[in-house]
Amino acid sequence: MDTKQFKERAYEVIDKICEYYDNIEKYPVKSQVKPYELFNKLPDEAPDKPDNFEEVMKDFDEIIMPGITHWQSPKFFAYFPSNTSEPSILAEMLISAIAAQSMKWVTSPIAAELEEKVMNWLRNETGLPQNFSGVIQDSATSSTLLSLLTAREKKSEYKINENGFSNENFVVYCSTQTHSSIEKDVKIAGIGKNNLRKISVNDEFSMNYQELEKQIKLDINNGLNPLCIISALGTTSSGAFDSIDKIGLIAKKYNIWFHIDAAYAGSAFILPEYRNYLNGIEYADTYVFNPHKWLFTNFDFSAYFVKDKKALLQTFEIIPEYLKTKTYGLVNDYCDWGIPLGRRFRALKMWFVFRLIGTDEIKNKIQNHIKFAEFFENELLKDNDFQLVTNRNMNIVCFRFYLDRFKLEEINSKNEQLLEKINKTGKIFLSHTKLNDIFTIRFVPGQTYTEKKHIKEALEVIINCKNELKY
Ligand SMILES: *Cc1c(COP(=O)(O)O)cnc(C)c1O
């Protein structure tokens, strides 16, 4: 393909993208294919000669698109959103065209400098402390792993990196509601799942900090070594917030590393009225949130912040001869701020988002998402067959179809049937969780293009499906 051919194809692809967004509501939001239905339509061998573009695009329509769940549909209300925006897509196009590696400052100076700049913008816009330094990671899972590894190294005076473990007896604390990635990271960091204490939660699903302190004392008395506390601001099931001021004080008292996972809700701290949840942030050693969830920036973009940049570098930095540079120490070489060497130029998309949308409109959109959830909740509860399973946090509504004459298992199974029925319509997509053994349907409006009419349509679908199930 020469640039002339590329240009033609690129225009065709742009047309396709626009057509996709213009018609996105026509697709079933959740892909309706069966396992391997599409796999079996694909040939077993890769082609030795190129296929022509038209054929590939035909297969794109017929084989690829049916297997897509439309995360950018305004009627996607499942999990958490992973939203995007036109500015972010435009930046992704440029990033993929330039295809530079931004591992070292010297391998593309502006990639490093723009990363530092947009991370400062994100820090300032979401009310984080000025002494935090930021770096872009691929995911919150990776960011939390970095935090645990840094905690591990700092606590062991960097001996584990040198010699491996020698009976450190580390213990890590989180609540029963924290994300599964914490457990995964504790395993990868070599601490062991059995040394992760899952502290109970209160009625609002936020960590019982008295329970936390009791457990820490117990562990110390048993000769164990509390390493790290991980708090959630915005849990995945219900968006619950831990009291990080209380927990932070405990971390300080016992000299325990303190990491905060605000993967989803962190974006909403761009709204000053939600920053009360950040009271106690000064106790945090590290903090993560995902602009790739709720800040209109394509996956992947996880914003990881650290207080002690030196400890981070001391944990990860490795400089073989072929990566030595004259600018060492003067600039940020971000490959030493995390695991992979190679890094995409991700800062550009955040920069495009800030510059082409602006913080006023970003705030407006997030505020609307929260208002939509409030509207949804009020309308849904007008139907006496529905109840909330817990109070709404931000734009996360946790509800169920309630039948008081039935036992819990029967109600759970009815709700499971209801959810399946709703998603089979293809009109909307919702997901579920369990809260205190209650099968809970979650409704999270956070897509860039969601409007009130989509919320109304969702209410209609949910209530109709419930009525069909009931009678
Ligand atoms: C989504 C989420 C994660 C995992 O995020 P990834 O970036 O996909 O690793 C972790 N914690 C919370 C609270 C989340 O909502």
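Reader: Which pocket does the ligand sit in?
Author: In this predicted model, the ligand occupies the second largest pocket.

Reader: Which residues come nearest to the ligand there?
Author: The ligand has 13 residues around it, and those that come nearest are Ala-140, Thr-141, Asp-261, Asn-290 and Lys-293.

Reader: How do the residues of that shell divide into nonpolar, polar and charged?
Author: Three of the shell residues are nonpolar, eight are polar and two are charged.

Reader: Which helices supply at least two residues of the shell?
Author: Two helices each do so: helix 5, spanning 140–155, and helix 10, spanning 291–294.

Reader: Let us turn to individual atoms. What is the distance from a nitrogen atom of the ligand to the side chain of Asp-261?
Author: A ligand nitrogen lies 2.6 Å from an N or O atom in the Asp-261 side chain.

Reader: And which side chains have an N or O atom close to a ligand oxygen?
Author: Lys-293 has a side-chain N or O atom 2.8 Å from an oxygen atom of the ligand. For His-292, the corresponding distance to a ligand oxygen is 3.4 Å.

Reader: How much of the ligand's accessible area does the protein cover?
Author: On its own the ligand has 390 Å² of accessible area, and the protein covers 87% of that.

Reader: Changing topic to the whole chain: how many helices and strands are there?
Author: The protein chain contains 14 helices and 11 strands.

Reader: What does the radius of gyration say about the chain?
Author: The value is 24 Å, which agrees with a compact globule, because a globule of 471 residues would have a radius near 23 Å. The C-alpha atoms fill a box of roughly 70 × 60 × 50 Å along the principal axes.

Reader: Now the backbone. Which peptide bond is cis?
Author: The bond from Phe-299 to Asp-300 is cis, and its omega is near 5°. Asp-300 belongs to the loop between helix 10 and strand 7, the latter covering 302–306.

Reader: What is the phi of Tyr-79, and where does the residue lie?
Author: Tyr-79 has a positive phi of about 40°, although it is not a glycine. Tyr-79 is in the loop that runs between helix 2 (53–64) and helix 3 (86–98).

Methods. Residues numbered from 1 in each chain as written. Predicted model: local features only at pLDDT ≥ 70, side-chain atom pairs only at ≥ 80, totals over all residues. Heavy atoms only, no water. Near = heavy atom within 4 Å. Polar contact = N/O pair within 3.5 Å; in protein donor to acceptor, adjacent residues only side chain to side chain. Areas by Shrake-Rupley, 256 points an atom, 1.4 Å probe, with all protein chains shown as cover. 1 Å grid on protein atoms, 1.4 Å probe; cavity = no way out; pocket = protein on both sides within 12 Å on 5 of 7 lines; lining within 4 Å. Sits in = over half its atoms within 2 Å of the grid points. Helix = DSSP H or I, 4+ residues; strand = E, 2+ residues; numbered from the N terminus. Nonpolar A, V, L, I, M, F, W, Y, C, P; charged D, E, K, R; others polar. Rg over C-alpha atoms; globule rule 2.2 N^0.38 Å.
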